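Subject: A structure for you to explore

Hi there,

Here is the structure I promised to pass on to you. Have a look around first, and then read my notes below.

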Amino acid sequence: MIHNEESGGVYYSSGEFARMAQITVRTVRYYDKQNILKPSLVTQTGARFYTEEDFARLQQIMLLKYLGFSLDDIRELTVDDSDYSYLEHSLEQQQNLVRDRIEQLQLVEQAIGETVTEIRQQKNVDWNRMRELIHLTGMENSLKAQYRNSTNISARIRLHRLFSTNKQGWFPWIYEQCRIADGMKILELGCGNGRLWLENKNHLPVNCKIVLSDISDGMIRDIRREQDLQDDRFSFAAFDCHTIPYEEESFDLVIANHVLFYCKDVNRVCSEVKRVLKPGGTFICGTYGAAHMQEVSHLVTEFDDRIALSGENLYDRFGKENGAALLAPYFSDVAWRAYKDALEVTQAEPLIEYVLSCHGNQNQYILEKYNKFRKFVEEQVEKGFTITKDAGIFVGKRIH
């Protein structure tokens, strides 16, 4: 153990760090070699030392490993950052992941018990039940995808919540545009973590029915846990919005916030939305334009010109520039309503978290030189970092 006179902190040797964490030195060295947990200090003689902050990263690594994540998964999902706000956010996401795993194991336990009972009573095997068991015990990939999705959504929302110049907020603004009245029946496609309703529940009429849907079973599991959404007005469903499982003319309002540009067939989704809307019903869909968050892309390419935060421009599929034309065959009076806002970023960590949440190749070039990237972002933020927001919604009525 050595003391850092500058920070007042303590450095632990690999052996001390391993003993305190109750793992082997070999494991510590392996994580170092695999670029999963690098030492905070390497001396000129090659001795490696770790800090107490490194325990937070090790805790996350060990939990993800326990839950079935591969080392490649862990390398992509963990960041060498001891910032307290980052640590808090990371632990919250880990807590959700553990809850998902508990629910999965409870389902497996129930299915095994029911299968054993049937065998005892009937003296034969229900092979459909066996196939269900195989499915349940093979859910690790869906849990990994859910962990990534929920982490990414939280990172994006957090950046906007902390630094938006429009203090009303995106979700209260969308709710205002919905003009929800007593007795309405509403469907949200791609509800994500349910922020639209969590932030506006107090404004909802008593007599309305809202179906929150998402393609991700994991998202629906998460949102079911929200105490604030556990009343008779809310119901939940997991389905692909290319095939909406409701009868014609079922809803007064359908909402798709930042959803259509992820859809493989926008026309089919629009046709389905039109089908389930009542005559004169309203479709509200959020998206953004070409200028949206452009400074973030410029930032990362300045750091490394190989980085692309997205494999394609989602606004080319459905954005401010082409959305009206795509909606026109299905909806009348289509109008664009802009959300006037910008981000004035004063902290590096939420911006870094946002960058890492993107769907591009950034992790390939950032994670192995994370400290250098963090310093680069801190320098940019210190100068004052403004991010353009070019977002809004299209509003249309069902064509009779």
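**A residue at partial exposure**

With a relative accessible area of 21%, F55 counts as partly exposed, because buried would mean under 20%. Please keep in mind that this is a predicted model. You will find F55 in helix α3, which covers residues 53-66. Leaving aside residues up to four places away in sequence, F55 touches F17, M20 and A21. Take M20 as an example: F55 and M20 are 35 residues apart in sequence, yet their C-alpha atoms are 9.3 Å apart in space.

**Helix α17 and its two sides**

Next, turn to helix α17, residues 370-382. How far apart are the end C-alpha atoms of this helix, and what span should its 13 residues have? At 1.5 Å a residue the expected span is 18 Å, and the end C-alpha atoms are 18 Å apart, so the two agree.

Try colouring the helix by burial. Y370, F373, R374, F376, V377, Q380 and V381 are the buried residues of α17. If you look down the axis of α17, these buried residues fall within an arc of 160°, which means that they line one face of the helix. It helps to recall that an α-helix has 3.6 residues a turn, so residues three or four places apart point the same way. On the other side of α17 you will see N371, K372, K375 and E382, which are exposed.

What do the buried residues of α17 pack against? Their partners are the helices α12 (294-303), α15 (348-356) and α16 (362-366), together with the strands β11 (342-345) and β12 (385-388). After α17 comes G384, whose phi is positive, near 100°.

**Salt bridges**

The structure holds 17 salt bridges, and here are some to look up. The side chains of E353 and R158 meet in one of them, at 2.5 Å from N to O. This pair links distant parts of the chain, since E353 sits in helix α15 and R158 in helix α7 (residues 140-163), 195 residues apart. Are these two residues buried or exposed? Both E353 and R158 are buried.

Compare that with R195 and E199, whose side chains form a salt bridge at 3.8 Å, N to O. R195 is partly exposed, with a relative accessible area of 27%, and E199 is also partly exposed, at 35%.

A further salt bridge joins the side chains of R275 and E272, at 2.9 Å from N to O. R275 and E272 both belong to helix α11 (residues 266-276), where they are 3 residues apart, about one turn of the helix. R275 is partly exposed at 23% relative accessible area, whereas E272 is buried at 13%. Elsewhere, D32, K38 and R48 are joined into one network by salt bridges that share partners.

**The nonpolar cores**

Which residues touch the most other members of the largest nonpolar core? Of its 59 residues, they are W197 and F283. Helix α8 (residues 170-178) gives the most to this core, with 6 residues. Apart from this core lies another, of 28 residues, including F163, L309, L367 and F373. You have already met F373 among the buried residues of α17.

To end, zoom in on W197. Not counting residues up to four places away in sequence, W197 touches Y175, I180, I186, E188, L204, I210, L212, L229, F234 and I255.

Enjoy exploring!

Best wishes

How values were computed:
Residues numbered from 1 in each chain as written. Predicted model: local features only at pLDDT ≥ 70, side-chain atom pairs only at ≥ 80, totals over all residues. Heavy atoms only, no water. Helix = DSSP H or I, 4+ residues; strand = E, 2+ residues; numbered from the N terminus. Buried < 20%, exposed > 50% of the residue type's maximum accessible area, 1.4 Å probe, protein only. Contact = heavy atoms within 4.5 Å. Expected span 1.5 Å × (residues − 1). Arc of directions from axis to C-beta. Salt bridge = Lys/Arg side-chain N within 4 Å of Asp/Glu carboxyl O. Core = buried A, V, L, I, M, F, W, Y, C linked by side-chain atoms within 4.5 Å.
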